[in-house]
Number of protein chains: 4
Amino acid sequence: VEDVNYERVLKKVAAYVEPHFGSGQVASYIPPLAEVDPRYFGMALYTLDGQLFVTGDAHKRFSIQSISKVFALSIAFNLLGDDVWSRLDREPSGTPFNSLVQLEVEHGRPRNPFINAGALVVVDILASHFAHPELAVMQFIRRLVANESIDIDLKLARSEQELAHRNIAMAHFMKSFGNLQNPVEEVIKSYCHQCAIAMSCAELAVAASFLANRGICSTQSTRIVNAGQAKRINALMATCGTYDAAGDFAYRVGLPAKSGVGGGILVVVPGVATACVWAPGLDKAGNSLVGIMALEQFAKITGWSIY
Amino acid sequence: VEDVNYERVLKKVAAYVEPHFGSGQVASYIPPLAEVDPRYFGMALYTLDGQLFVTGDAHKRFSIQSISKVFALSIAFNLLGDDVWSRLDREPSGTPFNSLVQLEVEHGRPRNPFINAGALVVVDILASHFAHPELAVMQFIRRLVANESIDIDLKLARSEQELAHRNIAMAHFMKSFGNLQNPVEEVIKSYCHQCAIAMSCAELAVAASFLANRGICSTQSTRIVNAGQAKRINALMATCGTYDAAGDFAYRVGLPAKSGVGGGILVVVPGVATACVWAPGLDKAGNSLVGIMALEQFAKITGWSIY
Amino acid sequence: VEDVNYERVLKKVAAYVEPHFGSGQVASYIPPLAEVDPRYFGMALYTLDGQLFVTGDAHKRFSIQSISKVFALSIAFNLLGDDVWSRLDREPSGTPFNSLVQLEVEHGRPRNPFINAGALVVVDILASHFAHPELAVMQFIRRLVANESIDIDLKLARSEQELAHRNIAMAHFMKSFGNLQNPVEEVIKSYCHQCAIAMSCAELAVAASFLANRGICSTQSTRIVNAGQAKRINALMATCGTYDAAGDFAYRVGLPAKSGVGGGILVVVPGVATACVWAPGLDKAGNSLVGIMALEQFAKITGWSIY
Amino acid sequence: VEDVNYERVLKKVAAYVEPHFGSGQVASYIPPLAEVDPRYFGMALYTLDGQLFVTGDAHKRFSIQSISKVFALSIAFNLLGDDVWSRLDREPSGTPFNSLVQLEVEHGRPRNPFINAGALVVVDILASHFAHPELAVMQFIRRLVANESIDIDLKLARSEQELAHRNIAMAHFMKSFGNLQNPVEEVIKSYCHQCAIAMSCAELAVAASFLANRGICSTQSTRIVNAGQAKRINALMATCGTYDAAGDFAYRVGLPAKSGVGGGILVVVPGVATACVWAPGLDKAGNSLVGIMALEQFAKITGWSIY
């Protein structure tokens, strides 16, 4: 029998993963991320009727990193509709998130918008419409959460930018194939700043609720994307949202999700709710180790699954 | 507004795709498959309350080919549970269904049970439990459909076996890594026979209904797999069921599915129904071209999607 | 100043490598090869004026393995001339000798006749001209050495055949691309027997002297291949003869060579001599570790280099 | 019988290739290169006794492009000796000259100094010793030819720099693996300028004569590299000097060589001479089409071959 007392559900989940707090490897290649205490754990659940349930460090902000790719894609989708796909595909990559191999084989066309190469193309799309794409993403998120205090961690952004050699390599590589329209430095700068947006589990769950709600932001009752687009973003999250472990995540958790190397994982329960978990230690694929454990248990207790 | 008169839904779908009948390329590498008239089109919908709706050639049998992998996996899953995953993964491959590249990189461990290499491992698992795995699969299907006339097209099976060089290469390659326990010839023979099972859209929709029904076969009211396993097979179909186009299929159709090069595509609407479409012409990824068009339209009209 | 007293040269070389006798890893995947004492060391030098110089175990026979590919190619070259290249290339592979990756990328066309895939195509060419290609190779060698006692180690050949899964995979893979004309089993059987020919360093040096002598066998004064073909076989040995370490070998030793996993390395000094070294322990690339050390020292002392 | 009247040899070669003047594709990705008349043909032969023989446009300067890599390596070799190899390998790549695939597989370590990635590492080595590595290369060449008028085509260099996205990608990629010490922009700028040095066939043949002469520059009688290093540079040219066609070049021509996308090919006949041919049209591997035809004929007529 599935538990519908969400207060209790989150408590059970937290108790279940507590022995594992601190497991996994904190992302080490960006100094400020490497300094985050691996023992943090937070989780938030936001139902479509507007209730928020939290546990642990659910109100502490962390670097959303690749979770930002969901919001950037939503904006690009809104701007261009299906024309977004003229420059990138929507297939799982079968390779690590920062691989250049497939990019060479497929002539500079990224496999999907959630691997780094694809996210850079999305930023490039935004850069053709906004002077400061990272601010457009931040404003978009502020509006979704109705919270003007959400901001970019500038120190982190600068640190990422200094160490972005692999992403710069990717951007120049795509430019050599004609698949980048704006200057590489601008795209990289914007990308690093977008990744450095700091949010809490609670804020992320609220921000993404339009994806569970057929495109309508529940805090504002405004349409963010149309119902078909919301569904399609969820499909992309389900097949490509957790790097080269999307199949395993679908198998174990069974919900559309997007993870970030900051240790956050955002999940969508279409028609029902959104949730976000945060635990900084990562597994080999780059997803939060304790986060996935928590979500697996969460899906088991609630019985929620799209499959 | 979504249409719930399924009779009419199928008629609308058939009318929508009729101008495209015969599009795509019929699988050419197996002579008997190459001779199939590309203009066939059939579709069947089987709801969990036991109603069957059909259109076109929905009662004409065709070669189920890779759709058999769903049934073989269900049996293996039932036998071994999660131990199935000791020898193969559950990730989208990012490469064509018959690629050996990833197999070399990952030391003979297939990416998932729905690409050829993974399906051969599943047959190998069955071959350690059954004298004739292909008969076990056939019997399993006969029981699911409650129809003893379902059979293997022996002429086709033999033809496939003669031309199975690439699959034989794969099997020996995995054997060189120690990931095949039974003799290659036996595994290949069984695999080719399993692929040559002939069924109609109607029969396939009925046979797979346990996947929409939390593991319970509706014709027999017997448990085939447990609810968690049914959900997980659906997850695998959603992420890996349509070769290297699973992301695009999720985007366009939004339902778990398994296709075969005979032109069939089986889809699951969890908790609601199963459906099967058949049109022999394939697209570049090896999925039925008209079949996907039909399913895209079908999902649009019914509003059914897991996302 | 270079030393021209070859008796003394070989003594110096043997003394130089003696502290390293037994280094490297004996090929472990074929049981009879794995049992060979790794401390053997032999070397032979055969000058074009017909003098033979030896040191250590230069008269003890070992399994020539891939060195046989030079002789098989010479026969195929004689039969078909440049038509040999209609089915394979002559480029270094940049990958291990038993890789299937490049074979997939290049549609079943092997990179060169000295990697396994290419050697299988050469055997296939011979199999279209001889009932027993392996006997043709053996007879060819017997004639070159003028020694009828040279033979195939049948026990080893059978053992290799039983464990040839990777080579069988390659052969079926090429057959799937239409690049193998004879039955896979025949080609594999012949290949395994050809590799199991047993010869000593002295015999190999004598057998290959036609390559240093513009195609003329010095023991028989008969033309084996024409001068251009001899030169071209040497070019292939220089660029592709030592697996994925041909560049390093050219750098360190500077002479055309072909190695085998039995621990033998055959080298050609065009216009001057041939030499063969044997030490069973292999380096990571699959070449004799002590053998390369010996040849590096040998080239240094004699000053012989083609560059 | 081989012809030793070199005047006549070059005439024969020019007559042989004349019907093919203009064949091949001029490098199109750099505008100034794309404008070069494809019908140019020149060839020069410089013997170790100091005689120069020329035909056609042998005194017209063209962009040496990748031929500059031989001179840059010679300087680096002189500076660091075998320590050069701490950061790159000396193996044929088996992939196109500008591929990033192997660089990813081998963690940022280039396969050899003559593919772009490896050449960038060599420039990086020079950049740690010289304020302006490209000027060091130019001065080195001026000294070898005893001609102060040799210069960099600055317009071409700037054009290359603007379009160097793929090389910039490679440089940042290697930097991400820690295999680039100087700023990417500096390395790229220097690389593009080095490639844009303009020389004639006659000047290139003279400049490289130290490679045929055991390291001693014949115009100056000064030691440029030691005899072992000269031999080793020749070995690298023979195995890696003509991109992914080094095996074919060794087979057809049989001499160490380095080509450039400007259409030049420099060859070394150790102990005898150096030669250079120029014809702007390239084959699919990026080597001068008519240039290789000319060298094949040249090698045939002279009988020169290292094999």
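This is a working chat about how the chains of a predicted model meet.

User: Hi! Before we start, what are the ground rules for this model?
Analyst: Happy to help! It is a predicted model, where local features need pLDDT of at least 70 and side-chain atom pairs count only at pLDDT 80 or more, while totals for chains, interfaces and linings use all residues. Residues are numbered from 1 along each chain as its sequence is written, chains are lettered from A and ligands numbered from 1 in the order in which they are written, and side-chain values use heavy atoms, with hydrogens and water left out.

User: Thanks. How many residues of chain A are in contact with chain B?
Analyst: On chain A, 32 residues are in contact with 32 residues of chain B, contact meaning heavy atoms within 4.5 Å.

User: And how much area do they bury?
Analyst: Chain A and chain B bury about 2700 Å² between them, with 53% of it on carbon and sulfur atoms. Buried area here is the accessible area (1.4 Å probe) that two parts lose on being put together, summed over both. A:Arg90, A:Tyr251 and A:Tyr307 supply 31% of what chain A buries against chain B, more than any other three residues.

User: How many salt bridges are there across that one?
Analyst: The rule finds four across the interface of chain A and chain B, taking a salt bridge as a side-chain nitrogen of Lys or Arg within 4 Å of a carboxyl oxygen of Asp or Glu. One of them joins A:Asp248 to B:Arg90, with the closest N and O atoms 2.6 Å apart.

User: Which elements of chain A supply at least two residues there?
Analyst: Those are α12 (227-240) and α13 (246-252) of chain A. Helices are DSSP runs (H or I, at least four residues), as are strands (E, at least two), numbered from the N terminus. The largest share of the side of chain A that touches chain B comes from α12(A), with seven residues.

User: What turn superposes chain A on chain B?
Analyst: A rotation of 180 degrees with 0.0 Å of shift along its axis, giving an RMSD of 0.0 Å. The superposition is by least squares on the C-alpha atoms of residues with pLDDT of at least 70 in both copies. In chain A, A:Gly94 comes closest to the rotation axis, its C-alpha being 2.2 Å away.

User: Switching to B and C: what turn lays chain B on chain C?
Analyst: A turn of 180 degrees does it, with a shift of 0.0 Å along the axis and an RMSD of 0.0 Å. The two copies are thus related as by a two-fold rotation axis. The C-alpha of B:Ala169 is the one in chain B nearest the axis, 1.9 Å from it.

User: Why do you say those copies meet through the same surface?
Analyst: Because 100% of the interface residues of chain B are also interface residues in chain C. The contact takes 13 residues from each of the two chains.

User: How about the area there?
Analyst: Between chain B and chain C about 1300 Å² is buried, and carbon and sulfur atoms give 68% of that. B:Glu104, B:His165 and B:His172 supply 39% of the area chain B buries against chain C, more than any other three residues.

User: How many salt bridges between those two?
Analyst: Two. The side chains of C:Arg166 and B:Glu104 meet in a salt bridge at 3.6 Å, N to O. On the side of chain B that touches chain C, α8(B) gives the most, with eight residues.

User: Last one: how far apart are chains A and C?
Analyst: Chain A and chain C do not touch, and their nearest C-alpha atoms are 10 Å apart. No contact joins chain B and chain D either, whose closest C-alpha atoms lie 10 Å apart.
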